[in-house]
Amino acid sequence: MDRDSAQRLVALFGEEGVSALERATVLVIGLGGVGSNCVEALARGGIGRLVLVDRDVVEPSNINRQAVAYTSTLGQDKTEVMKCIVRDINPVCRVDTVRSFVTRDNLPELLAPYIGHLDYAVDAIDTMNQKVALARLAQDLGEDGLGFPLVSAMGGGNKLRPELLRFADITETHTCPLCKDMRKLCRKRGVRHLEVLFSTEVPVRRVAGDASGARSPLGTASFMPPIMGQMIAGHVICRIAGVEGGRDGAPRAKRR
């Protein structure tokens, strides 16, 4: 990073913490509203290597919340747009892109080049089967000494109150409908623990459908997924840099 940006980080994390960030490799799967904003914050936070996985292109409906979405990027691959954004922020950051749809079957092959080298992984995937498959893979690899910390984003749709977001193990979640389904699927697939960011807000009721009977799409506020992405990035950065939580839950840097 440039000298001024690095100095701002050193003031928070110290030289040792910033060095840890510069050496770190973070995987982000899914470059939607949560994932793309998370990557932007990770790049600004001095992460040295990012592995970005997504198969989609930028669409008009993405513009209200995604860091990759502008009228000028419509139709472009999200991974390539995100790579350009990262390089514009932090030219020394190494960026690997994987343009692929993640499935339960291809996940081990997709991640094979990075196993043993990941300092953290962020799940910003939309579908439950893939989310649980990633959690199970991280768990199994951990038993072999090759695991990596994983944090998973839960549902941000039909939510309006970012102050109600919380980090917790999936077994301790409540209120969020996606979390309820995830808890069941985790038990079924043998996933014992999974750190998640979830909302304790009761989802806003969706607007009634039109005359044809079609249901309105899931509502997404312009601020909610970006805040979730920023929170996850902060969580990852503080963990890698060696920041602990104080008694009141506020971040507190380790003494060096």
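In this predicted model, L150 touches Y120, A121, V122, D123, L134, A135, A138, L194 and E195, leaving out residues up to four places away in sequence. L150 sits in strand β5, which covers residues 150–153. Its relative accessibility is 10%, so L150 counts as buried, the cut-off being under 20%. A further pairing links L150 with a distant part of the sequence. V28 is 122 residues away from L150 along the chain, yet their C-alpha atoms are 9.9 Å apart in space.

S152 also belongs to strand β5. With a relative accessibility of 0%, S152 counts as buried. Beyond its neighbours within four places in sequence, S152 is in contact with D123, K131, L194, E195, V196 and L197. Three of these names, D123, L194 and E195, also appear among the residues that L150 touches. A135 is on the list for L150 as well. From S152, A135 is 17 residues away in sequence and 8.5 Å away in space, C-alpha to C-alpha.

K131 brings a helix into the picture. This residue lies in helix α5, which runs over residues 128–143. K131 has a relative accessibility of 1% and therefore counts as buried. Its partners more than four places away in sequence are D123, I125, S152, A153, M154 and M182. S152 and A153 fall within the residue range 150–153 of strand β5, so K131 of helix α5 touches that strand. D123 is a partner of K131, and D123 is likewise in contact with S152. K131 can also be placed relative to C186. The two are 55 residues apart along the chain, and 9.5 Å separates their C-alpha atoms.

The loops supply further detail. A221 is found in the loop between β7 (195–199) and α7 (224–241). At 12% relative accessibility, A221 counts as buried, although its place is in a loop. Setting aside neighbours within four places in sequence, A221 is in contact with N64, R65, K159 and L160. A221 and G157 are separated by 64 residues in sequence, while their C-alpha atoms are 7.6 Å apart in space.

Two residues stand out by their backbone angles. Most residues other than glycine have a negative phi. N158 is not a glycine, yet its phi is positive, at about 55°. N158 is placed in the loop between β5 and β6 (165–169). Its relative accessibility is 12%, so N158 counts as buried. T175 is the other case. Its phi is near 75°, again a positive value in a residue other than glycine. The place of T175 is in the loop between β6 and α6 (177–189). T175 has a relative accessibility of 36% and so counts as partly exposed. Thus N158 is buried, whereas T175 is partly exposed.

The whole chain can now be described. The protein chain holds seven helices and nine strands. Its radius of gyration is 18 Å, close to the 18 Å that the globule rule gives for 256 residues, so the chain is as compact as a globular protein of that length. The C-alpha trace spans about 60 × 45 × 40 Å along its principal axes. Of the 256 residues, 50% count as buried. Contacts between distant parts of the sequence are well represented. Among contacts with a separation of 6 or more, 71% join residues 24 or more positions apart.

The surface and the charges complete this overview. The protein chain exposes about 13100 Å², and carbon and sulfur atoms supply 49% of that area. There are 34 positive and 30 negative side chains. The centres of these two sets lie 5 Å apart.

Confidence varies along the model. The average pLDDT of the protein chain is 92. A score of at least 70 is reached by 91% of the residues. Residues 246–256 are another matter: pLDDT stays under 50 over this stretch. For these residues the model has 19 contacts beyond four places in sequence.

Terms used:
Residues are numbered from 1 along each chain as its sequence is written. This is a predicted model: local features need pLDDT of at least 70, side-chain atom pairs count only at pLDDT 80 or more; totals for chains, interfaces and linings use all residues. Side-chain values use heavy atoms; hydrogens and water are left out. Helices (H or I, at least four residues) and strands (E, at least two) are DSSP runs, numbered from the N terminus. The radius of gyration is taken over C-alpha atoms; the globule rule is 2.2 Å times the number of residues to the power 0.38. Buried means under 20% relative accessible area, exposed over 50%, partly exposed in between (1.4 Å probe, protein chains only). Contact means heavy atoms within 4.5 Å. Accessible areas come from the Shrake-Rupley method with a 1.4 Å probe; for residues, only the protein chains shown count as cover. Lys and Arg count as positive and Asp and Glu as negative; His and the chain ends are not counted. The place of a charge is taken as NZ of Lys, CZ of Arg, CG of Asp or CD of Glu. pLDDT is the predictor's confidence in each residue, from 0 to 100.
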